[in-house]
Amino acid sequence: MVEYNLVMSVIGPVVLFAIFVTWDLTRKVERLRLGTRKVSVLILIGGIITALGFVSYVLDIDRPPAVLFVMLGPVLITYSLSESGLVQPKFEMLVQIALMVGSIGLSANKMFYTMLMFSAVSVLLLIDAVAFYRYTPSPQRHFARLASWLLVAFTVVNAVRYGCTPAFVLYVLSIIIWVSTLISLEFYLKDMDKTAQEGL
């Protein structure tokens, strides 16, 4: 369990990096498609608030504000994605969220796992933003969907047996695939910009 918590704490900065890259990609897409940057800022703030709230809750630092942060983050992310109009809710996404929320009933510590679930749903929304964004290239879309389902599987397995090795492996694989997909999209957008400039 100690090793699990240690590695999960190391993965935390990787998730924050992924949130930052998601914000950067959203900012670039907004410039191309929407002509505004307000939505991307909300995504960044929502992701950071959720991460900070969850860390505070785990470390038992002033629980009420931590709970508020963990709940507020997903609301900001959901609002920003729906407001942009670029990502439409899909039935698959609703099934994923239902499975994640339902896994709370399988956990021994339901209060703690509820907080964990808010954080996990935030990450799921950010992954699904890539998976279901209408202009995402096919390879990246498929990898993002794989990452999202691995995250769902992690929450279910982790609820049954918190901190077990299979849960850890599922989570790490999900985050690695998500981050790799985001980085590949960064290069994809750079190639698009370069092609557009050469066309001029």
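A residue counts as partly exposed when its relative accessible area falls between the under 20% of buried residues and the over 50% of exposed ones. Phe17, with a relative accessible area of 40%, is therefore partly exposed. Keep that in mind as we walk through this predicted model, a chain with seven helices and zero strands.

**Overall build**
- Read from the N terminus, the elements of the chain follow the order α-α-α-α-α-α-α.
- The chain has 200 residues, and 48% of them are buried.
- Of the contacts in the chain between residues at least 6 apart in sequence, 72% link residues at least 24 apart.
- About 10400 Å² of the chain is exposed, with 71% of that area coming from carbon and sulfur atoms.

**How far to trust the coordinates**
- The chain has a mean pLDDT of 76, and 69% of its residues reach 70 or more.
- Over residues 196-200, pLDDT stays under 50, and the model shows zero contacts beyond four places in sequence for them.
- Predicted coordinates should not be read in detail where pLDDT is low.

**The aromatic pair**
- What does a search of the whole structure find in the way of aromatic pairs? There is one aromatic pair in the whole structure.
- Its members are Phe154 and Tyr171, with 4.7 Å centre to centre and 45 degrees between the planes.
- That angle is neither under 30 degrees, as stacked needs, nor over 60, as edge-to-face needs, so the pair counts as tilted.
- Phe154 belongs to helix H6 (residues 138-160) and Tyr171 to helix H7 (residues 165-199), so the pair ties together parts that are 17 residues apart in sequence.
- Both Phe154 and Tyr171 are buried.

**A nonpolar patch on the surface**
- Phe17, our opening example, sits in helix H1 (residues 2-34).
- Together with Ile183 and Phe187, Phe17 makes a nonpolar surface patch of about 280 Å².
- Patch residues need over 30% relative accessible area, a cut-off that the 40% of Phe17 passes.

**A buried glutamine**
- Is Gln96 buried or exposed? Gln96 has 0% relative accessibility, so it counts as buried, the cut-off being under 20%.
- Helix H4 (residues 91-102) is where Gln96 lies.
- Leaving aside residues up to four places away in sequence, Gln96 touches Leu124, Asp128, Ser148, Trp149 and Val152.

Technical notes
Residues are numbered from 1 along each chain as its sequence is written. This is a predicted model: local features need pLDDT of at least 70, side-chain atom pairs count only at pLDDT 80 or more; totals for chains, interfaces and linings use all residues. Side-chain values use heavy atoms; hydrogens and water are left out. Rings of Phe, Tyr and Trp (its six-membered ring) pair if their centres lie within 6.5 Å; planes under 30 degrees apart count as stacked, over 60 as edge-to-face and the rest as tilted. Helices (H or I, at least four residues) and strands (E, at least two) are DSSP runs, numbered from the N terminus. Buried means under 20% relative accessible area, exposed over 50%, partly exposed in between (1.4 Å probe, protein chains only). pLDDT is the predictor's confidence in each residue, from 0 to 100. Contact means heavy atoms within 4.5 Å. Patches are made of residues with over 30% relative accessible area and no salt bridge: like charges are joined within 9 Å, nonpolar side chains (Val, Leu, Ile, Met, Phe, Trp, Tyr) within 5 Å. Accessible areas come from the Shrake-Rupley method with a 1.4 Å probe; for residues, only the protein chains shown count as cover. A salt bridge is a side-chain nitrogen of Lys or Arg within 4 Å of a carboxyl oxygen of Asp or Glu.
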